Amino acid sequence: MTQQPRDTPQFYLTAPTACPYLPGKEERKVFTHLVGERAAALNDMLTHGGFRRSQSIAYRPACEHCRACVSVRVVVEGFVPSASQRRISRRNADVVGDVRASVPTAEQYSLFRTYLDARHANGGMADMSVLDYAMMIEDSHVRTRLIEYRRRGPDTAIHGRGTGRLLGVCLTDVLSDGLSMVYSFYDPTETGRSLGSFIILDHVAKARALGLPYVYLGYWVDGSRKMDYKRRFLPQQRLGPEGWEPAEGAVQDAAV
């Protein structure tokens with residue numbers, strides 16, 4: 001009898017459920033566990049193949065009759081912000097993103113709940129408890145970081161940290177070729193700042209400073225308004241049948 005190595009990934013298929021992005025559609029996902037010594041390398045490889053990470057699970061859509069979910073990544077070297085994105089950067093010139101270890105806090109969870117209640121009250125994460133949030137942040141076998149966004153303070157230039165209340169957070173994986181934005185949330189009352197777009201712009205800047213060529217944004221879903229903002233960060237590549245290809249028909253000038 002032959003046996004597979006213990007760290008060989010095993011893949012599983014979920015049962016059909018209602019699609020959260022396209023009304024009247026069903027979704028299925030293929031997934032595997034990211035555990036053990038090879039978790040980081042496996043996360044790298046699977047992200048390149050269109051998977052996303054949630055805690056210690058890597059997944060990707062496996063819908064029978066729909067291919068609307070498309071993995072997208074921003075090409076850092078060629079990125080030039082649009083006029084709208086430059087305005088967003090100026091409006092947030094007083095905000096700094098502090099890279100921290102992936103340790104959950106009560107302040108983060110409070111902002112997380114405020115964000116969910118305002119933006120995704122009927123979503124799949126709406127009932128997440130403080131323990132669920134802690135698991136989302138801590139349950140990782142890969143190289144991941146939390147980036148906290150606060151206003152700049154008098155000593156920010158020295159230690160790189162902001163001061164005052166928390167404005168936004170992003171859970172980010174550090175890959176061999178880029179930054180993968182696992183999940184971000186922010187203060188929904190700061191409507192004039194377009195913090196969602198600013199967090200992406202900041203990740204592009206951080207990836208450039210690290211010499212990493214890509215920022216992975218997850219899935220763009222054709223026909224879903226809530227995912228439409230992702231096609232506005234150019235140039236970008238989308239994962240197709242032949243691999244990563246330059247996106248065509250993408251547009252600029254929008255804020256989230």
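Which residues have the most contacts inside the largest nonpolar core? They turn out to be Phe-112, Phe-185 and Val-215, in a core of 43 residues. Here a nonpolar core is a set of buried Ala, Val, Leu, Ile, Met, Phe, Trp, Tyr and Cys residues joined through side-chain atoms within 4.5 Å, and buried means under 20% relative accessible area, with exposed over 50% and partly exposed in between (1.4 Å probe, protein chains only). The model is a predicted one, so to speak of local features takes a pLDDT of at least 70 and side-chain atom pairs count only at pLDDT 80 or more, while totals for chains, interfaces and linings use all residues. Residues are numbered from 1 along each chain as its sequence is written, and side-chain values use heavy atoms, with hydrogens and water left out.

At least two residues of the 43-residue core come from each of β7 (69–75), α3 (106–119), α4 (130–138), β9, β10 (163–174), β11 (178–186), α6 and β12 (214–221). Helices (H or I, at least four residues) and strands (E, at least two) are DSSP runs, numbered from the N terminus. The top contributor is α6, with 7 residues. As for Val-215, leaving out residues up to four places away in sequence, its contacts (heavy atoms within 4.5 Å) include Val-72, Arg-73, Val-74, Leu-179 and Met-181. On the α6 side, Val-215 also touches His-203, Val-204 and Ala-207. Another core lies apart from this one; it has 8 residues, among them Val-30, Leu-46, Phe-51 and Ala-58.

Helix α6 itself deserves a closer look. It covers residues 195–210, and at 1.5 Å a residue its 16 residues should span 22 Å; the end C-alpha atoms are 22 Å apart, which agrees. The expected span is taken as 1.5 Å times one less than the number of residues. Of those 16 residues, 12 are buried, so α6 is largely enclosed by the rest of the structure. The buried set includes Leu-195, Phe-198, Ile-199, Ile-200 and Leu-201, and also the polar or charged Asp-202, His-203 and Lys-206. Both flanks of α6 have a positive phi: Ser-194, in the loop between β11 and α6, has a phi of about 50° although it is not a glycine, and Gly-211, which follows α6, has a phi near 75°. Ser-194 counts as buried, at 9% relative accessibility.

The model has an open sheet of 8 strands in the order β8-β9-β10-β11-β12-β7-β13-β14, with mixed pairing. Two strands are taken to pair if DSSP finds at least two bridges between them. At the edges sit β8 (95–100) and β14 (243–246), each pairing on one side only. Neighbouring strands are turned by 35° against each other on average, direction ignored; axes are lines fitted to C-alpha atoms, for helices over the stretch in contact, and angles run from 0 to 180 degrees between N-to-C directions. At the β8 edge, 6 bridges join β8 to β9 (residues 144–151), and the two run antiparallel. Asp-98 stands opposite Glu-148 of β9. At the β14 edge, 4 bridges link β14 to β13 (residues 236–240), again antiparallel. Here Gln-237 stands opposite Pro-246, and the two strands make a hairpin with 2 residues between them.

The loop between β12 and β13 holds Pro-235, which is joined to Leu-234 by a cis peptide bond with omega about -5°. In general, most peptide bonds are trans, and most residues other than glycine have a negative phi.

A second open sheet has 4 strands in the order β1-β4-β6-β5, and its pairing is antiparallel. Its edge strands are β1 (12–13) and β5, each of which pairs on one side only. Between β5 and β6 there are 3 bridges, and Arg-53 has Ala-58 of β6 as its bridge partner. Ala-58 also belongs to the core of 8 residues. In the loop between β5 (52–54) and β6 (57–61) lies Gln-55, with a positive phi near 55° in a residue other than glycine. Gln-55 counts as partly exposed, at 25% relative accessibility.

Finally, Thr-156 has its place in helix α5 (residues 156–159). Thr-156 is buried, with a relative accessible area of 7%. Its side chain reaches the backbone oxygen of Arg-161 at 2.8 Å, a polar contact (a pair of N or O atoms within 3.5 Å; within protein, one must be able to donate a hydrogen and the other to accept it, and residues adjacent in sequence count only if both atoms are side-chain atoms). Leaving aside neighbours within four places in sequence, Thr-156 is in contact with Val-96, Arg-161 and Gly-162.
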